[in-house]
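Me: I am new to this one, and I would like to understand the reasoning as we go. Could you show it to me first?

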Amino acid sequence: MTEYLIGETHRPGRIEVVCGSMFSGKTEELIRRMKRAKFAKQKVEIFKPSLDTRYSEEDVVSHDKNTIRSTPIDSSGAILLLASDIDVVGIDEAQFFDDGLVEVCNQLANNGVRVIVAGLDMDYKGIPFGPIPALCAIADEVTKVHAICVKCGALAYVSHRLIHNDKRVLLGEKDEYEPLCRECYQRSIDIEMKAEAAENLKL
Ligand SMILES: Nc1ncnc2c1ncn2[C@@H]1O[C@H](COP(=O)(O)OP(=O)(O)O)[C@@H](O)[C@H]1O
Ligand SMILES: Cc1cn([C@H]2C[C@H](O)[C@@H](COP(=O)(O)O)O2)c(=O)[nH]c1=O
Ligand SMILES: [Zn+2]
């Protein structure tokens with residue numbers, strides 16, 4: 001991994017993306033990298049979308065309850081205003097931000113800031129989520145992390161939604177989502193579609 005080669009200090013600006021399904025360890029990896037930067041006496045600031053109130057209004061909190069202080073913001077433009085004089089900018093739940101986040105990260109990196117972005121690569125339908133695909137394209141380093149498929153123990157690739165709701169943005173945890181591998185996801189979707197078809201025939 002690059003961090004072992006170049007150390008924590010005197011880096012040029014760069015964009016690192018940590019992406020994957022829910023429960024894959026994105027937030028823990030973001031917290032780990034931010035804490036290491038703090039040990040290296042870097043000035044750090046973490047941002048999250050203010051709509052993400054799942055565990056805490058203010059903090060970034062992982063599923064295992066590791067936490068780090070953050071600044072909730074409504075739009076990506078606020079990052080440029082709030083991150084002047086910062087060495088390392090962390091952004092969690094980046095899939096919920098507007099597409100302007102891509103240019104914001106580019107500008108920060110061009111100005112010498114290390115930007116670490118964590119977010120869902122895909123929504124519950126398996127469709128690339130918000131600004132994450134574009135961020136992967138312009139990133140200096142992309143780390144894809146994986147949860148364990150709760151049905152078969154293989155590496156999960158997507159977050160399967162367990163409740164009937166078509167909204168793209170729906171905050172949730174284990175009651176609402178489960179990480180599944182490709183095979184188990186296809187099987188689950190198949191079963192759901194057949195059940196829906198049978199339900200429609202009854203009506
Ligand atoms: N099916 C699973 N596969 C892997 N980790 C899981 C699973 N279910 C719960 N976890 C827990 O979730 C933690 C990762 O949490 P977190 O970093 O918040 O993930 P993410 O931000 O990607 O949703 C793991 O360290 C593990 O303890
Ligand atoms: C798949 C999917 C997820 N969400 C929500 C559910 C959670 O509140 C967050 C993801 O959090 P995590 O740190 O990655 O576990 O996103 C959503 O709104 N829409 C979806 O399709
Ligand atoms: Zn599986």
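Me: Why is ligand 2 said to lie between domain 1 and domain 2?

Reply: Happy to help, and please keep in mind that this is a predicted model. Domain 1 (7-145) and domain 2 (147-202) each give residues to the shell around ligand 2, so ligand 2 lies between them.

Me: Which residues come nearest to ligand 2?

Reply: They are Lys26, His63, Glu93, Arg168 and Leu170, out of 19 residues around ligand 2. Sorted by class, that shell has nine nonpolar, four polar and six charged residues.

Me: What makes the pairing of ligand 2 with the side chain of His63 a polar contact?

Reply: The test is a pair of N or O atoms within 3.5 Å. An oxygen atom of ligand 2 is 2.8 Å from an N or O atom in the His63 side chain, so the pair counts as a polar contact. The side chain of Arg54 also has an N or O atom 3.1 Å from an oxygen atom of ligand 2, so that pair passes as well. With Leu170 the partner is a backbone N or O atom, 2.7 Å from an oxygen atom of the ligand. As for cover, the protein takes up 99% of the 490 Å² of accessible area that ligand 2 has on its own.

Me: Where does ligand 1 lie with respect to the two domains?

Reply: Ligand 1 lies between domain 1 and domain 2, because both give residues to its shell. In total 16 residues surround ligand 1, and the closest are Phe23, Lys26, Thr27, His63 and Asp64. Helix H2 (residues 26-39) gives the most to this shell, with three residues. By class, the shell has six nonpolar, six polar and four charged residues.

Me: How do you know that the 3.4 Å between ligand 1 and Lys174 is a polar contact?

Reply: Here a nitrogen atom of ligand 1 is paired with an N or O atom in the side chain of Lys174 at 3.4 Å. The cut-off is 3.5 Å, so the pair is a polar contact. Polar backbone atoms take part too: one of Ile148 is 2.9 Å from a nitrogen atom of ligand 1, and one of Gly25 is 3.0 Å from an oxygen atom of the ligand. The protein covers 79% of the 580 Å² of accessible area that ligand 1 has on its own.

Me: What area do domain 1 and domain 2 bury between them?

Reply: About 1700 Å², with 61% of it on carbon and sulfur atoms. On the domain 1 side, Met22, Phe23 and Tyr124 lose the most area to domain 2, together 43% of what that side buries. The centres of the two domains, taken over C-alpha atoms, are 26 Å apart. Their contact takes 22 residues from domain 1 and 18 residues from domain 2.

Note on methods: Residues are numbered from 1 along each chain as its sequence is written. Chains are lettered from A and ligands numbered from 1 in the order in which they are written. This is a predicted model: local features need pLDDT of at least 70, side-chain atom pairs count only at pLDDT 80 or more; totals for chains, interfaces and linings use all residues. Side-chain values use heavy atoms; hydrogens and water are left out. A residue is near a molecule or strand if one of its heavy atoms lies within 4 Å of it. A polar contact is a pair of N or O atoms within 3.5 Å; within protein, one must be able to donate a hydrogen and the other to accept it, and residues adjacent in sequence count only if both atoms are side-chain atoms. Accessible areas come from the Shrake-Rupley method with a 1.4 Å probe; for residues, only the protein chains shown count as cover. Helices (H or I, at least four residues) and strands (E, at least two) are DSSP runs, numbered from the N terminus. Ala, Val, Leu, Ile, Met, Phe, Trp, Tyr, Cys and Pro count as nonpolar, Asp, Glu, Lys and Arg as charged, and the others, Gly among them, as polar. Domain bounds come from an automatic or database domain assignment. Contact means heavy atoms within 4.5 Å. Buried area is the accessible area (1.4 Å probe) that two parts lose on being put together, summed over both.
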